Amino acid sequence: MADRERWGFELPLLLFAGFRSLIDQLHAELADHGHPELRPVHGFAMQAVGGDGVTASELGRRLGVSKQAAGKTVDRLAALGYAERVSDPGDARRKLVRLTPHGQDALVLSGTVFEELRGRWADRLGQERLAELEDALETVVGPAAFGLDAATWFGD
């Protein structure tokens, strides 16, 4: 297969298929471990909330969406038990969005599953080849290419 010339459109499709494969496998594992309702957009949002919590406005900025859109995502995460709104200890007029223990568990589990998935890719490709692929992609996209707003690019 490597001997044939590839068309330009194949590269983004292959990259997307790899991404989609990893995300689909992640969500299957999350569902098997008590998180069947999580969707990819929830993962981006929970990463953006972080360990210290954020305001809805800041969450919107981090995700590249409006405060209202961020609020809808927070509402959904809160309804599912992954996030909560609490008073900001530094400013009683503001509310912070924080992850609940259930949300923190989901993020920790996601990290573990991603390590397992990377291991499966290493088994198929070889550790050296996988490292070369990662290095090559990092060279092409640069260190600042990834943002938590990627979920909005795909829609919700």
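This passage walks through the nonpolar core, the strand pair and a surface patch of the structure shown above.

The structure is a predicted model, in which local features need pLDDT of at least 70, side-chain atom pairs count only at pLDDT 80 or more, and totals for chains, interfaces and linings use all residues. Residues are numbered from 1 along each chain as its sequence is written, and side-chain values use heavy atoms, with hydrogens and water left out.

A good place to begin is the interior. The largest nonpolar core has 23 residues; such a core is a set of buried Ala, Val, Leu, Ile, Met, Phe, Trp, Tyr and Cys residues joined through side-chain atoms within 4.5 Å. Touching the most other members are Leu38, Met46, Val49, Leu59, Leu63, Leu77 and Tyr82. Two or more residues each come from helix H1 (10–32), helix H2 (40–49), helix H3 (56–63), helix H4 (67–79), strand E2 (91–99) and helix H5 (101–125). H2 gives the most, with five residues. Helices (H or I, at least four residues) and strands (E, at least two) are DSSP runs, numbered from the N terminus. Leaving out residues up to four places away in sequence, Leu59 touches Ala45, Ala48, Val49, Val54, Ala70 and Val74, where contact means heavy atoms within 4.5 Å.

Helix H5 also holds Ser110. This residue is buried, with a relative accessible area of 12%; buried means under 20%, exposed over 50% and partly exposed in between, with a 1.4 Å probe and protein chains only. Apart from neighbours within four places in sequence, Ser110 is in contact with Leu26 and Leu30.

Turning to the strands, E1 (residues 83–88) and E2 run antiparallel and are joined by six bridges; two strands pair if DSSP finds at least two bridges between them. E1 and E2 form a hairpin with two residues between them. Across the pair, Ala83 stands opposite Leu99, and Val86 stands opposite Leu96.

On the surface, Leu11, Leu15, Leu125, Leu133 and Leu137 form a nonpolar patch with about 390 Å² of accessible area together. H1 and helix H6 (127–141) each give two or more residues to this patch. Patch members have over 30% relative accessible area and no salt bridge (a side-chain nitrogen of Lys or Arg within 4 Å of a carboxyl oxygen of Asp or Glu), and nonpolar side chains (Val, Leu, Ile, Met, Phe, Trp, Tyr) are joined within 5 Å. Accessible areas come from the Shrake-Rupley method with a 1.4 Å probe. Leu11, found in helix H1, is exposed at 54% relative accessible area.

Technical notes. Patches are made of residues with over 30% relative accessible area and no salt bridge: like charges are joined within 9 Å, nonpolar side chains (Val, Leu, Ile, Met, Phe, Trp, Tyr) within 5 Å.
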